[in-house]
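Visitor: Please walk me through this model, one question at a time.

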Amino acid sequence: MNLSKNAFFSLKTKALLILCLLVYGINFSQESETSEKAGVFTFETTEIDYGTIEQNADGERFFKFTNTGDAPIVISNAKGSCGCTVPTYTKNMIAPGEKGEIKVKYATNRIGKFSKTVTLTSNASEPTKILKIKGEVLKPEVEPAAN
């Protein structure tokens with residue numbers, strides 16, 4: 001009778017071990033599928049060239065994008081490379097297939113060439129995305145003095 005109990009216990013232990021491994025394997029499989037889903041920024045362009053513009057001209061431009069991934073994107077931060085470049089962005093979640101935009105305002109009161117960046121931080125497949133702006137603000141022409 002004792003031998004039979006040990007054999008039964010051994011069989012029960014093996015069955016429990018196999019069951020635990022199966023449950024772990026199925027759970028691990030589901031986690032890896034879930035973790036692969038991510039939002040994907042697809043920008044129309046990642047660089048905006050203002051060209052040559054007049055001093056104090058409208059400095060607002062828009063980076064337009066679509067979430068082409070299979071999970072929502074949440075932008076947690078957008079930071080300009082200096083105080084003259086101010087980005088604004090939606091605080092709402094951007095679902096797969098939805099469009100969004102990042103507004104950038106450059107201080108056009110500064111004369112000369114410029115090249116600046118905006119760094120986005122999000123939960124997208126690429127968690128840090130760099131957007132660029134460049135251009136030149138022209139010095140106003142001085143009219144000749146009338147005699």
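A short exchange on the fold, the disulfide and one lysine follows.

Guide: This is a predicted model, in which local features need pLDDT of at least 70, side-chain atom pairs count only at pLDDT 80 or more, and totals for chains, interfaces and linings use all residues. Residues are numbered from 1 along each chain as its sequence is written, and side-chain values use heavy atoms, with hydrogens and water left out.

Visitor: What pattern does the protein follow along the sequence?

Guide: Helices (H or I, at least four residues) and strands (E, at least two) are DSSP runs, numbered from the N terminus. The protein has 1 helix and 8 strands. Read along the sequence, the pattern is α-β-β-β-β-β-β-β-β.

Visitor: In which order do the 4 strands of the open sheet stand?

Guide: Strands pair if DSSP finds at least two bridges between them. The pairing in this sheet is mixed, and the order is β2-β8-β7-β4. The edge strands, each paired on one side only, are β2 (47-54) and β4 (75-80). Thus named from edge to edge, the order reads β2-β8-β7-β4.

Visitor: Which residue in β8 stands opposite threonine 52?

Guide: Strand β8 covers residues 128-138 and runs parallel to β2, with 6 bridges joining them. Opposite threonine 52, in β8, stands glutamate 136.

Visitor: Is the disulfide of cysteine 82 and cysteine 84 left-handed or right-handed?

Guide: A disulfide here is a pair of cysteine sulfur atoms within 2.5 Å. Cysteine 82 and cysteine 84 are joined with an S to S distance of 2.3 Å. The torsion about their S-S bond is about -50°, so the disulfide is left-handed.

Visitor: Is cysteine 84 buried or exposed?

Guide: Buried means under 20% relative accessible area, exposed over 50%, and partly exposed in between (1.4 Å probe, protein chains only). Its partner, cysteine 82, has 26% and is partly exposed. Cysteine 84 has 4% relative accessibility, so this residue counts as buried.

Visitor: Which residues does lysine 64 touch, not counting those up to four places away in sequence?

Guide: Lysine 64 lies in strand β3 (residues 60-67). Its relative accessible area is 39%, so lysine 64 is partly exposed. Contact means heavy atoms within 4.5 Å. On that basis lysine 64 touches Thr42, Phe43, Glu44, Gly100 and Glu101.

Visitor: What share of contacts between residues at least 6 apart in sequence joins residues at least 24 apart?

Guide: Buried residues make up 27% of the 147 residues. Among contacts between residues at least 6 apart in sequence, the share joining residues at least 24 apart is 66%.
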